Amino acid sequence: MPDSSAVYWHDPKMDGRRMVMTCSAEHLEQLVEEYRRRPFVEAELWAGKMARAMFWHSGEVSEDELFADAGLSPEQIEQAVTWHNLEAERRRQLRRGDDPAGGQ
């Protein structure tokens, strides 16, 4: 199933596809519907690819190595960093009990 949060540490060819196992056809239908509703956000996938590349280098990597290992362009990496920072802020707000969408 398409899933921009799925990044595989040992098989990058599978990135962006969620592998699932279920106990029944009904459970499979439930998961298919859940992932169908979840938006595929390319920047989220790119952030995962960056995290994997940085992990491989223990967090110390030149830009050229990062671009090569992540398989991303500088523009994609910029979008991934922006997505990561926005997601981190959204999670901080949720932990504080704030609604990042501005609802009451």
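Okay, so, the lining of the largest pocket: the biggest share of it comes from α4, which puts in five residues. Keep in mind that this is a predicted model we're looking at. The pocket itself holds about 190 Å³ of space. If you want to select the lining in your viewer, take Ser4, Ser5, Val7, Trp9, Glu44, Gly48, Ala51, Trp83, His84, Glu87, Ala88 and Arg91. Two elements give two or more residues to that lining, α2 and α4.

Let's stay on α4 for a moment. Helix α4 runs from 74 to 96, so to speak our main rod here, with 23 residues. From first C-alpha to last it reaches 33 Å, close to the 33 Å you'd expect at 1.5 Å a residue. Just after α4 comes Gly97, and that glycine takes a positive phi of about 90 degrees.

Which residues in α4 are buried? Ile77, Ala80, Glu87 and Gln93. What covers the buried residues of α4 includes α2 and α3.

Now, Glu87 is a fun one. Glu87 is on the pocket lining list, and at 14% relative accessibility it counts as buried. The side chain of Glu87 also meets that of Arg90 in a salt bridge, 2.6 Å from N to O. Those two sit three residues apart in α4, so about one helical turn separates them. Arg90, for its part, counts as partly exposed, at 32%.

Right, on to the nonpolar core. The largest one has ten residues: Ala43, Trp46, Ala47, Met50, Ala53, Leu66, Ala70, Leu72, Ile77 and Ala80. Helices α2, α3 and α4 each supply at least two of them, and α2 gives the most, with five. If you want one residue to click on, try Trp46. Leaving out residues up to four places away in sequence, Trp46 touches Leu72, Gln76, Gln79 and Ala80. Leu72 and Ala80 on that list are core members as well.

Last topic, charges. Side chains of opposite charge can pair when their charged atoms come close. How many salt bridges does a search of the whole structure find? Twelve. I've already shown you one, Arg90 with Glu87, and there are a couple of others I'd like to go through.

Take Arg18 and Asp3: they form a salt bridge with the closest N and O atoms 2.7 Å apart. Both lie in the segment before α1, so the pair ties together parts that are 15 residues apart in sequence. Buried or exposed, what is Asp3? Buried, with a relative accessible area of 2%. Arg18 is partly exposed, at 24%. These two also belong to something wider: Asp3, Arg18, Arg38 and Glu44 are linked in a network of salt bridges. And Glu44 in that network also lines the largest pocket.

Then there's Lys49 with Asp15, a salt bridge at 3.0 Å, N to O. This pair links distant parts of the chain, 34 residues apart: Lys49 is in helix α2, and Asp15 is in the segment before α1. Both Lys49 and Asp15 are buried.

To tie it up: α2 is the main giver to the largest core, α4 has the largest share of the pocket lining, and Glu87 in α4 is a buried residue with a salt bridge to Arg90. That's what I had.

Note on methods: Residues numbered from 1 in each chain as written. Predicted model: local features only at pLDDT ≥ 70, side-chain atom pairs only at ≥ 80, totals over all residues. Heavy atoms only, no water. Core = buried A, V, L, I, M, F, W, Y, C linked by side-chain atoms within 4.5 Å. Buried < 20%, exposed > 50% of the residue type's maximum accessible area, 1.4 Å probe, protein only. Helix = DSSP H or I, 4+ residues; strand = E, 2+ residues; numbered from the N terminus. Contact = heavy atoms within 4.5 Å. Expected span 1.5 Å × (residues − 1). Salt bridge = Lys/Arg side-chain N within 4 Å of Asp/Glu carboxyl O. 1 Å grid on protein atoms, 1.4 Å probe; cavity = no way out; pocket = protein on both sides within 12 Å on 5 of 7 lines; lining within 4 Å. Points joined across faces, edges and corners; volume = space filled by probe spheres on them.
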